[in-house]
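Student: I should like to take a close look at the aromatic rings of this protein. Could you please guide me through how they are arranged in pairs?

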Amino acid sequence: MAVIKLSNKKKRLLMTLAEQAASFARKGQFQTALRICDKADGQYKGFLEITYVRGLIASMQNDYHTALDWLGQAYRKAPNRLHFQINYASCLLLNDQQEEAAQIYPEILKKSPKLFSEANGYSGLGSALEALGEFRQALQTYKQGLQKEKFNVELLSKAAKLHSKLGETSIAMDLLEKAHSAEPDNANVICDMVSHLFQQGEFEEARSRFRKAQDIGLHEATVLGFLIKSGNYADRGADLKTMRKLYDEADVDADLRIYCAFILGNEADKESHYKEAFDYWAEANLIRSQSSDNDECDQESIHQIAASAFPASRFTDISCKDASEAAPIFIIGMPRCGSTLLEQALARHPGLQPAGEIAALHQAVNGRKRKALLSREIEKLPLLDDNSLLTIGHEYSRIIAQEYCLDGRVTDKMLNNYLLAGVIAKALPLARIIHINREPMASCLSMFQENFSDGKMNYSCDLNALGRQYARYQKLMQHWRKVLPKGVMLEVSYEDLVSNPEIELRRLLEGCDLEWHPDCLSSHKTTGAVSTASLIQVRKPIHQKSVARWKHYEKQLEPIKQYLLPE
């Protein structure tokens, strides 16, 4: 097919149309902008600048999937056009394609540091590296950006969150204070500061900061939710009354309604108003389920592959030769099973360091500079030979030492590592796994009443789906009990842990080749950050108040029972 050659006159016309379309788009007049693009296509189909502008228009309308298509076409036709590169890289991030973005950003920085900085490239590249598990490179990138613009609040906030994730809490708070001094009325910075203070157990200071935030118009429900969850304080009754008013006035399908309903349901539960509590949770989860994607076929496949990839025959020879010498302790189980309590108890032992809920093992399975995707790593499991597994063990050790900067023995509380128990046993022969379980009905109730607003645990929205997911977990744990070598996996129930903490902790420490230490009984005295939903509970001494709470809801939880496997 012959290539139609454009005259200079037509090129100028098309460039003018592209500029006009971009101008209207910047004013928010997207339909006018698109009509101009259509006019240009009538003159010459596929003109490069028009393709690029169509991508910008889609991006401005938050249609990032369409934007990626148009910007990708423009980038591939003219890969050396820096504006094409920077906008395409930004759009890749918005489409969760961090691996490709991380390759493009450095090219732009090398060619034009000025454009890179003006286009917020340090933030984009840092985010991409962070998503790939390259935490230290990400922090270095944020630092480089701050050297050029030391009060860039976005960079300060991102660096603070990453330092906090890595357990470097004092650095995180210093950065947040700097961001707050630069923009005292920035609501996002205030939320980050308050969240950080809550995780540190500094509840009074957090409340004080949030009260000040109300004066600048920070979303009222966000403020009240944090305050109400923080425990008892002088104005709590008035705040609950306001929360109920916000709930009553919210649209029936709004996120605000969901947020308020979970808060009010948990409050009703504390007041022993059990029917009212469950009605709140049921309503919130029903609304959540309407916009949540829970692919049960995918979940079934994930659990089946995790088991079939590691039959008993794979564990006839567990050799330490050429293996990593790391001996981490993995805490696994379902959400809301008591894992945070166990982690904080073990964290009091002088021979252990808590790493928290980290994706280090998932990252190691996926590989260096690859985004940790559960679906991708599960697909790899049947293909992993013994040498590949040893490589995973060494990569895990590198991540702990170089990315998290932790020395010695660590606890890793990424609960869904129960899917990778077989990997742990083969990749890290000196590791131990502690499986903490809970009365299934209590565990399911606790998940049902939790607002998992980050898009995870979508199965918790529906009691039947929750029961089926719990049964998948039970079946896989039965498999690990049968096939894992003796001593690799220890088990403890939440109920036994809170009833006989010293007996259970002594047994677990012995199984991990650690001496008993009495400080393990003082989990409530932890000084580190706690970022899970249990951050309030673990600041209190070990108690048994939650053990039988589920029985108040036994009738409502009836749909779950049909799926559960006998323990």
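**The aromatic rings**

Tutor: Ring pairs join Tyr274, Phe278, Trp281, Phe448 and Tyr553 into a cluster. Please bear in mind that this model is predicted. A search of the whole structure yields 18 aromatic pairs. A pair of aromatic rings is described by the distance of the centres and the angle of the planes.

Let us begin with Phe198 and Phe226. Their ring centres are 5.3 Å apart and their planes stand at 15 degrees; because planes under 30 degrees apart count as stacked, this pair is stacked. Phe198 belongs to helix H12 (residues 187-199) and Phe226 to helix H14 (residues 220-229), so the pair ties together parts that are 28 residues apart in sequence. Phe198 is buried, at a relative accessible area of 3%, whereas Phe226, at 22%, counts as partly exposed.

We may now return to the cluster and consider Tyr274 and Tyr553. The centres of these two rings lie 5.5 Å apart with their planes at 85 degrees, so the pair is edge-to-face. This pair links distant parts of the chain, 279 residues apart: Tyr274 is in helix H17 (residues 274-289), and Tyr553 is in the loop between helix H27 (501-511) and helix H28 (558-561). Tyr274 counts as partly exposed, with 22% relative accessibility, while Tyr553 is buried, with a relative accessible area of 0%.

Finally, there are charges over rings to consider. The charged end of Lys229 sits over the ring of Phe226, 5.8 Å from the ring centre. Arg257 lies over the face of Tyr247, at 4.0 Å from the centre of that ring.

Technical notes. Residues numbered from 1 in each chain as written. Predicted model: local features only at pLDDT ≥ 70, side-chain atom pairs only at ≥ 80, totals over all residues. Heavy atoms only, no water. Phe/Tyr/Trp six-rings, centres within 6.5 Å; stacked < 30°, edge-to-face > 60°. Helix = DSSP H or I, 4+ residues; strand = E, 2+ residues; numbered from the N terminus. Buried < 20%, exposed > 50% of the residue type's maximum accessible area, 1.4 Å probe, protein only. Lys NZ or Arg CZ within 6 Å of the ring centre and 35° of its normal.
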